[in-house]
Amino acid sequence: MRNTLIALIGFIPLVSGAQDFDAVEIKTTKLSDSIYMLEGSGGNIGVCIGEDGTFIVDDQFAPLTKKITVAIGKLTPKPVQFVVNTHWHFDHTDGNENFGKAGAFIVSHENSRERMANDQLIALFGREMKAYPQEALPKITFRKSMSFHYNGETINIFHVGRAHTDGDAIVHFVESNVLHMGDVFVRYVFPFIDEPNGGNVNGLIRTLDKAADLADGETQIIPGHGPLSTKQDLLDFRQMLTKIRDRVKVKVREGKTLEEIIASDPTRGYKATGSVTKDAFVKIVYDSLKKPK
Ligand SMILES: [Zn+2]
């Protein structure tokens, strides 16, 4: 009995934690007359409402679709017409099937669609993702960028390159001056970069640079996880990443092994607050730098 319990506890996936979806409440924050942020469990959701219909960014877990739909229903009577996935990780996309069946068009980077259409393994957390059924797959994909002209808002969606995964989409609501970053920007330390599935620390930093170029002191930034943020928060996050990346890079150039680099403590000054340990993060950075881009 005791062994079973321990085995079960060990099996709880770290990314999502033990999930009691009944206990989850959806918190709504107004960012402008047309843009809202919803927090529940999983990736933060961006919502754009208006005359044309409802457009959302990410859709968390399937058991939360009802609660998310109720929260959106308090903002607008119009149904969700478009769901943009910032990437293919389950805590951002598991609601796709429900929204797809209800008639929404799912949109993503082409690499994310490819991943959702096939079985995946998120190795660091030992988490398998089975291929999604047809209704959950994006009907619309893009390669570099695309734009929506919707609800009086110019919505630019772009992909800079390998970052958190190989299929990240950043969503810029131009008139409202809001950015949704997906997991390219999160508020916990150290960030998870899905390096075995195409993520890369250099690309992540480049994507942050592009976002910083689009932002000013007034920009409201929705991170993949954590509270609503500012450009300064994003720049602080970038600074942490570059500092650690540069420390690892020097050691790689000196020909040090991963073990030697971990022993040199390149994350000094920062403390892990999420489920990625400092050693796991150093390995991610090391693997990113060792692989050709
Ligand atoms: Zn993710």
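**Exercise 1. Strand β5 and its neighbours**

In which sense do β5 and strand β6 pair, and over how many bridges? Work this out on the predicted model, then describe the sheet around β5.

*Solution.*

Step 1. Start with the pair itself: β5 and β6 (residues 105–109) run in the parallel sense, and 3 bridges connect them. To get your bearings, find Val84, which stands opposite Val107 in β6.

Step 2. Now look at β4. It pairs with β5 in the parallel sense too, over 4 bridges. Here the handy marker is Thr54, standing opposite Val80 in β5.

Step 3. Zoom out to the sheet. It is open and has 7 strands, ordered β1-β2-β3-β4-β5-β6-β9, and its pairing is mixed. The edge positions go to β1 and β9 (140–142); each has a single partner strand, so one side of each has no neighbour in the sheet. On average, neighbouring strands here are turned by 20 degrees against each other, direction ignored.

Step 4. Check burial. In β5, 4 of the 5 residues are buried, so the strand is largely enclosed by the rest of the structure.

**Exercise 2. A helix lying across strands**

Which residues of helix α2 are buried? Find out how they are arranged and what they pack against.

*Solution.*

Step 1. Helix α2 covers residues 65–73, and its buried residues are Thr65, Ile68, Ala71 and Ile72.

Step 2. Look down the axis of α2. The buried residues fall within an arc of 125 degrees, so they line one face of the helix.

Step 3. Ask what that set of residues meets. The buried residues of α2 pack against β1 (27–30), β2 (35–39), β3 (45–48), β4 (54–57) and β5 (80–84), and also against α4 (96–101).

Step 4. Add the orientation: α2 lies across β1, β2, β3, β4 and β5, and runs at about 150 degrees to β2.

**Exercise 3. His89**

Is His89 buried or exposed? Place it in the chain and list what it touches.

*Solution.*

Step 1. His89 sits in the loop between β5 and α3 (90–93).

Step 2. Its relative accessible area is 3%, and the cut-off for burial is under 20%, so His89 is buried.

Step 3. Leave out residues up to four places away in sequence, and the contacts of His89 are Ile122, Met129, His164, Thr165, Asp183, Phe192 and Asp194.

**Exercise 4. The five-strand sheet and some backbone oddities**

What is the strand order in the open sheet of 5 strands? Once you have it, go through the loops for unusual backbone geometry.

*Solution.*

Step 1. The order is β10-β11-β12-β13-β14, with mixed pairing. β10 (145–150) and β14 (220–222) are the edge strands; each has a single partner strand, so one side of each lacks a neighbour in the sheet. The average turn between neighbouring strands of this sheet is 15 degrees, direction ignored.

Step 2. Pick one pair inside the sheet. Strands β12 (residues 170–173) and β13 (residues 178–180) pair in the antiparallel sense over 3 bridges. His172 has Leu179 of β13 as its bridge partner.

Step 3. Stay with that pair and look at its loop. Asn177 is in the loop between β12 and β13, and its phi is near 60 degrees, positive although the residue is not glycine. With 17% relative accessibility, Asn177 counts as buried.

Step 4. Go back to the loop between β10 and β11 (153–158), where Asn151 is found. Asn151 also isn't a glycine, and its phi is positive at about 55 degrees. Asn151 is buried, at 13% relative accessible area.

Step 5. Finish with the peptide bond between Val189 and Phe190: it is cis, with omega about -5 degrees. Phe190 is placed in the loop between β13 and α6 (201–214).

**Exercise 5. Two packed helices**

At what angle do helix α7 and helix α9 pack, and how far apart are their axes? Describe the contact as well.

*Solution.*

Step 1. You need two numbers: packed helices are described by the angle between their axes and the distance between the axes.

Step 2. For α7 (residues 231–253) and α9 (residues 278–290), the angle is about 60 degrees and the axes are 10 Å apart. The crossing of α7 past α9 is right-handed.

Step 3. List who makes the contact. α7 supplies Leu241, Ile244, Arg245, Val248, Lys249 and Val252, while α9 supplies Phe281, Val282, Val285, Tyr286, Leu289 and Lys290.

Step 4. Sort the residues of this contact by type: 9 are nonpolar, 3 are charged and none is polar.

Conventions
Residues are numbered from 1 along each chain as its sequence is written. This is a predicted model: local features need pLDDT of at least 70, side-chain atom pairs count only at pLDDT 80 or more; totals for chains, interfaces and linings use all residues. Side-chain values use heavy atoms; hydrogens and water are left out. Axes are lines fitted to C-alpha atoms, for helices over the stretch in contact, and angles run from 0 to 180 degrees between N-to-C directions. A crossing is left-handed if the near helix is turned anticlockwise from the far one by less than a right angle, and right-handed if clockwise. Contact means heavy atoms within 4.5 Å. Ala, Val, Leu, Ile, Met, Phe, Trp, Tyr, Cys and Pro count as nonpolar, Asp, Glu, Lys and Arg as charged, and the others, Gly among them, as polar. Two strands pair if DSSP finds at least two bridges between them. Buried means under 20% relative accessible area, exposed over 50%, partly exposed in between (1.4 Å probe, protein chains only). The arc is that of the directions from the helix axis to the C-beta atoms.
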